[in-house]
Amino acid sequence: TTNLQRDNKYTYKMAWLEKPIKGLLLDISGVLKNGDLAIEGSVEAFRRLKASKIPFRLCTNETQEPREALRAKLSRLQFDVDLDKIFAPAPAMAARLRQEKRIPHLLIHPKINCEFDQPPNGVEPDCVVIGDACEAFTYEAMNTAFNILLKLKQKGEPKFYTLGRGKYYMEPNGLMLDLGPFTAALEYASGLTAELIGKPSPRFFKSALDSLELPPDQVVMIGDDIVGDVGGAQGVGLRGVLVRTGKFQPSDENHEKVKPDAIVDNFSQAIDQILQKCCYSCKSQRFDDRVPKK
């Protein structure tokens with residue numbers, strides 16, 4: 001390796017830090033934790049981030065439990081975060097259904113039923129919503145959703161929503177099938193295309209950005225999903241940083257379409273680099289302020 005090659009590699013690694021970083025979007029699974037276990041170094045890094053006062057939001061495609069339960073789980077793992085800083089697909093979907101006055105057929109995990117208004121008895125659904133139903137993804141449940149989609153299609157008004165398109169996610173005992181394959185099965189059988197509500201939907205990312213009240217070029221997304229986190233964030237103008245934890249696979253580093261702004265070993269390394277850069281910038285600013293202007 002030549003000195004020039006080494007310099008170019010270093011420049012690539014650090015270029016994402018050149019522009020100001022005023023806010024962060026963080027994935028949860030695969031970045032802060034795997035299942036019920038915190039990823040090594042993530043708790044301490046999260047504390048450093050909170051102490052720095054850099055605003056952040058947690059952007060997750062978690063659809064197996066409601067936000068309150070997720071917040072409680074994070075708290076048990078020593079990630080203390082306010083509920084309004086957690087952005088998840090189910091509350092976003094529920095709000096949209098209320099706004100559009102729709103009656104959904106829900107193929108979701110039983111734990112997140114509480115996020116949705118329960119439809120009146122005897123009223124036929126006018127849309128289908130699919131989330132990560134986990135063990136509730138039975139043949140009967142999938143077939144029922146399929147037939148409702150066909151009926152809506154015949155009426156000429158099919159509405160099909162999915163809360164995610166992830167292929168898989170990491171648990172302590174290995175990779176697990178995510179929502180994407182089940183969504184794809186219903187799409188294939190029905191001939192319909194589901195509208196995505198979670199990541200990498202631009203609408204989902206923009207809702208978190210609106211909460212931060214920051215322009216996209218001042219915000220960085222840190223995630224373990226090369227497409228859902230990094231690609232989705234870059235699609236709306238954010239910088240996307242990929243961590244080598246969670247669902248990360250070595251092939252992600254050479255993805256054919258998505259090129260991360262940076263690849264780091266873990267969340268802790270990303271936060272260290274951000275805080276070191278911010279600290280250096282602050283010191284430089286204070287020095288400039290002390291220099292008399294001509």
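Guide: A pocket is an open set of grid points with protein on both sides within 12 Å along at least five of seven lines, and its lining residues have an atom within 4 Å of a point. The model here is predicted.

Visitor: What makes a residue part of the lining of the second largest pocket, and which lie nearest its centre?

Guide: An atom within 4 Å of a pocket point is the test. For the second largest pocket, 17 residues line it. A92, M93, I197, F204 and S207 lie nearest the centre. The space comes to about 280 Å³.

Visitor: Which elements supply that lining?

Guide: β5, α4, β11 and α7 each give at least two residues. Helix α4 has the largest share, six residues. By class, the lining has 10 nonpolar, three polar and four charged residues.

Visitor: What does the lining of the largest pocket hold by class?

Guide: It has 11 nonpolar, 14 polar and 20 charged residues. The space is about 970 Å³. Of its 45 lining residues, G166, Y168, Y169, D178 and K247 are the closest to the centre.

Visitor: Back to α4. Why is the contact of R96 with E100 called a salt bridge?

Guide: The rule asks for a side-chain nitrogen of Lys or Arg within 4 Å of a carboxyl oxygen of Asp or Glu. For R96 and E100, the closest N and O atoms are 3.0 Å apart. That is within 4 Å, so the pair counts as a salt bridge. Both residues lie in α4, four residues apart, about one turn of the helix.

Visitor: How do you know whether R96 and E100 are buried or exposed?

Guide: Buried means under 20% relative accessible area, and exposed means over 50%. R96 has 10%, so R96 is buried. E100 has 34%, which falls in between, so E100 is partly exposed.

Visitor: What makes R102 and D126 a salt bridge?

Guide: Their N to O distance is 3.7 Å. The cut-off is 4 Å, so R102 and D126 pass. This pair links distant parts of the chain, 24 residues apart. R102 sits in the loop between α4 and β6, and D126 in the loop between β6 and β7. R102 is partly exposed at 23%, and D126 is partly exposed at 21%.

Visitor: Which residues share a network of salt bridges with R96?

Guide: E100, R102, D126 and E195 are linked with R96 in that network.

Visitor: Why is R244 called partly exposed?

Guide: Its relative accessible area is 34%, between the 20% and 50% limits, so R244 is partly exposed. R244 meets E253 in a salt bridge at 2.8 Å, N to O.

Methods:
Residues numbered from 1 in each chain as written. Predicted model: local features only at pLDDT ≥ 70, side-chain atom pairs only at ≥ 80, totals over all residues. Heavy atoms only, no water. 1 Å grid on protein atoms, 1.4 Å probe; cavity = no way out; pocket = protein on both sides within 12 Å on 5 of 7 lines; lining within 4 Å. Points joined across faces, edges and corners; volume = space filled by probe spheres on them. Nonpolar A, V, L, I, M, F, W, Y, C, P; charged D, E, K, R; others polar. Buried < 20%, exposed > 50% of the residue type's maximum accessible area, 1.4 Å probe, protein only.
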